[in-house]
Amino acid sequence: MTKAVPVAVRQKFRLYVAGRAPNSTRAVANIKAICAEHFASHHDLEIVDMLEVPLRALADGIVVTPTLVRFSPLPELRVIGTLADTHEVLLALGK
Amino acid sequence: MKVHSPQAVATKTSTGIRGFDEITEGGLAKGRTTLVMGGAGCGKTVFALQSLAAGANTAKEPGIFVAFEEPVRQILANAASFGWDLVNLSKKKIFFFDARLSPDIVKAGEFDLVGMLGMLKAKVQEIGAKRIVFDGIDVLLSLLDDPNAERREVYRIRDWMSEMGLTGIITQKVGAHEDERRHSFLQFMVDCVVILRHQVDDGTAFRSLRIMKYRGSSFSGGEFPITLDTRGMSLSHRGPVELAYKVSNERISSGLSRLDTMLSGGYFRGSIILVSGAPGTAKSTLSGLFAEAACERGERTLYVSFDEGADQISRNLRSVGIRLAPHRRSGLLKMFSTRTHGRNIDEQFIALQEMVLAFEPRCLVVDPFSTLSSKNVHHAAVDTAQQFLDFLKTRQITVVNTSLMDGLATTNEATATAISTVADTWIHLSYFAQDGERNRALTIVKSRGMGHSNQVRELTLSEKGVDLADVFISQGKVLMGVARWEWEQRELEQEKRGRLASDQRRLQLEIAQAEAVARIEVMKKEMDGRDAELARLLKTVGAAATLFDSDRAVLKKMRRADEDAGPHAKTRPTKKHPIKPAKVRR
């Protein structure tokens with residue numbers, strides 16, 4: 001008998017940053033903290049440095065840095081900024 | 001106004017905006033940043049796009065367009081009417097970057113443009129871009145929503161452009177709000193500031209451009225009218241600042257010989273003639289006469305009407321004996337009719353100028369030249385009108401303009417001044433209402449460089465043609481029409497009566513004279529008669545005297561009177577010597 005346990009949906013994140021720019025550095029630290037605290041083991045986080053792969057970021061439609069994209073689960077959503085406002089980030093992610 | 005700077009920017013790059021390159025002596029400064037400011041619908045995006053298109057098409061300078069406000073698709077659709085072939089250019093030479101942030105994007109902390117500029121750098125290198133536009137930077141600024149961040153990012157953009165060696169344009173929408181002041185730092189950090197304005201005067205849209213600053217370059221600081229047509233934005237700038245056009249002494253007919261006489265020979269070639277007057281005073285008729293005469297001399301003539309269709313004008317003029325149709329058929333006369341309402345005044349002039357350039361007429365009619373008569377015309381529009389007229393002068397094109405004007409006295413003073421400045425010959429037509437009639441009167445208000453009649457003439461129209469008649473002035477009143485005819489009849493009548501009276505007088509005198517002669521005759525006859533009678537009388541008296549003497553002799557003899565009695569003896573006896581019986585000697 002299997003008990004219906006709510007399986008935590010795997011969160012897939014991608015954070016677009018611009019090298020070592022202050023806002024980007026802060027965002028990396030902030031998203032790592034949020035993931036560790038709220039999504040524990042059920043998340044993937046990819047960090048993309050736009051300065052290294054600018055054309056890929058362009059193709060992805062990124063405008064400003066830093067930009068966090070959650071492309072799974074759908075719908076895809078985007079949060080811009082240093083992610084310092086944790087409350088605002090979690091609200092956006094439906095947590 | 002020219003602002004000269006000792007250090008001129010060595011290289012400039014064309015914007016493709018006619019007029020703008022002239023007032024900036026070359027266009028935008030290469031490798032520098034220009035801020036284009038203005039309210040909604042001023043043409044900021046058009047300015048930016050046109051510069052990019054000119055760069056890509058003619059200057060072989062590919063470009064990048066960063067759109068913060070409008071979707072790229074929409075920008076391309078809006079610009080499709082300009083014929084710059086943007087869609088084609090967007091494939092290779094112009095890269096459009098959609099920099100809009102979705103409205104439901106969540107903002108959680110500060111952000112920047114470092115990444116974006118990184119992407120754009122890659123793109124610049126890929127296509128070899130030399131120009132870049134950041135369109136609608138105000139949208140980005142309001143998203144940043146922090147004065148420090150705003151300033152920081154704008155400087156980031158500017159420094160990046162400079163580093164990349166790009167010629168940049170930043171457009172910024174400005175409203176009437178305080179954000180104008182808040183974002184004023186933009187104006188200080190760029191090299192050139194262009195301000196676009198859009199206003200509606202009297203139902204007519206009016207766009208203008210002004211350069212507020214241009215570091216290291218001379219520029220004209222005035223407000224220039226701009227227009228948008230199929231080729232994009234153009235700017236009507238002052239042509240030659242100095243009025244140094246060739247003047248001609250050649251006279252050409254006005255089409256009305258008596259008017260030519262009044263002007264002592266006709267209009268000057270290349271002069272500006274203004275025919276003003278109330279509706280229906282035959283302004284178009286004078287224009288038609290001029291056009292007909294020009295065509296008969298074999299000169300290409302352009303007739304532009306802003307009221308009526310060409311066929312209607314042609315038909316109406318035919319009714320007063322002016323035939324334009326044959327000249328239209330031969331191609332010597334081109335008639336063009338359009339509506340003025342709501343159309344930008346400057347667009348009208350630019351359209352006119354293009355027609356003149358295309359058709360190359362020697363004579364031109366503009367019926368009516370409304371800018372000169374409308375009372376609520378923007379001063380810049382009057383400038384444009386003058387520029388257009390100057391343009392005609394430099395080409396020695398003789399132009400007859402009509403202008404709706406009720407009376408010289410009621411005319412707006414500024415308008416009258418404007419007209420007076422530009423018109424070389426000013427003919428005013430008016431109505432004289434008198435004895436239940438309205439008659440047309442023609443006056444030459446001014447005519448530069450020629451002697452001209454100061455008299456009022458009556459303009460008469462009939463199927464036989466147009467003519468000018470002398471008017472009569474009676475008891476300080478100008479007489480026209482039937483009143484003139486009556487006056488003429490009265491004059492004739494009086495003259496006739498005068499003639500009759502003198503005839504009668506002469507007759508009377510003749511009669512009197514004849515009577516006098518007759519009377520002289522009678523009197524002569526009477527005199528003769530009296531003479532004869534007198535002669536007879538004298539004869540009778542003589543005979544009687546003789547008789548008396550002989551009687552006395554007889555008596556003396558009888559009385560034996562002394563012979564020596566002397567002569568007394570003959571006298572009658574006195575008291576002293578009474579005749580007494582002689583002493584008888586015994």
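Two strands are taken to pair if DSSP finds at least two bridges between them. With that in mind, I shall turn to the structure, which is a predicted model.

I begin with a sheet that draws on both chains. Five strands form an open sheet in the order E2(A)-E1(A)-E3(A)-E4(A)-E7(B), and the pairing is mixed. Strand E2 of chain A, residues 43-49, and E7 of chain B stand at the edges; each has a single partner strand, so one side of each is left without a neighbour in the sheet.

Within chain A, strand E1, residues 11-17, and strand E3, residues 67-72, pair in the antiparallel sense over 5 bridges. One detail of E3(A) is that A:Leu68 is the bridge partner of A:Leu15.

Where do the two chains meet in this sheet? Strand E4 of chain A, residues 77-80, is joined to E7(B) by 2 bridges, and these strands run parallel. A:Val79 has B:Val106, in E7(B), as its bridge partner.

Let me now consider the interface as a whole. Chain A contributes 25 residues to the contact and chain B contributes 24. Together the chains bury about 1900 Å², with 71% of that area on carbon and sulfur atoms. Of the area that chain B buries against chain A, 32% is supplied by B:Val106, B:Ala108 and B:Met119, more than by any other three residues. B:Val106 thus appears a second time, having already been named as the bridge partner of A:Val79.

Which elements of chain B form its side of the contact? Strand E6 (94-98), strand E7 (106-107) and helix H5 (114-127) each supply at least two residues of the side that touches chain A. The largest share, 8 residues, comes from H5(B). By class, this side of chain B has 13 nonpolar, 3 polar and 8 charged residues.

As to specific interactions, the count of salt bridges between chain B and chain A is 0. There are, however, 10 residue pairs in polar contact across the interface, with both residues at pLDDT 80 or more.

Elsewhere in chain B, strand E24, residues 457-462, and strand E25, residues 465-470, run antiparallel and are joined by 6 bridges. A hairpin connects E24(B) to E25(B) through 2 residues, and B:Ser462 stands opposite B:Gly465 in E25(B).

Finally, a word on confidence. Chain A averages a pLDDT of 84, and 92% of the residues score at least 70. Over residues 1-5 of chain A, pLDDT stays under 50, and the model has 0 contacts for them beyond four places in sequence. Where pLDDT is low, the predicted coordinates should not be read in detail.

Conventions
Residues are numbered from 1 along each chain as its sequence is written. Chains are lettered from A and ligands numbered from 1 in the order in which they are written. This is a predicted model: local features need pLDDT of at least 70, side-chain atom pairs count only at pLDDT 80 or more; totals for chains, interfaces and linings use all residues. Side-chain values use heavy atoms; hydrogens and water are left out. Contact means heavy atoms within 4.5 Å. Buried area is the accessible area (1.4 Å probe) that two parts lose on being put together, summed over both. A salt bridge is a side-chain nitrogen of Lys or Arg within 4 Å of a carboxyl oxygen of Asp or Glu. A polar contact is a pair of N or O atoms within 3.5 Å; within protein, one must be able to donate a hydrogen and the other to accept it, and residues adjacent in sequence count only if both atoms are side-chain atoms. Helices (H or I, at least four residues) and strands (E, at least two) are DSSP runs, numbered from the N terminus. Ala, Val, Leu, Ile, Met, Phe, Trp, Tyr, Cys and Pro count as nonpolar, Asp, Glu, Lys and Arg as charged, and the others, Gly among them, as polar. pLDDT is the predictor's confidence in each residue, from 0 to 100.
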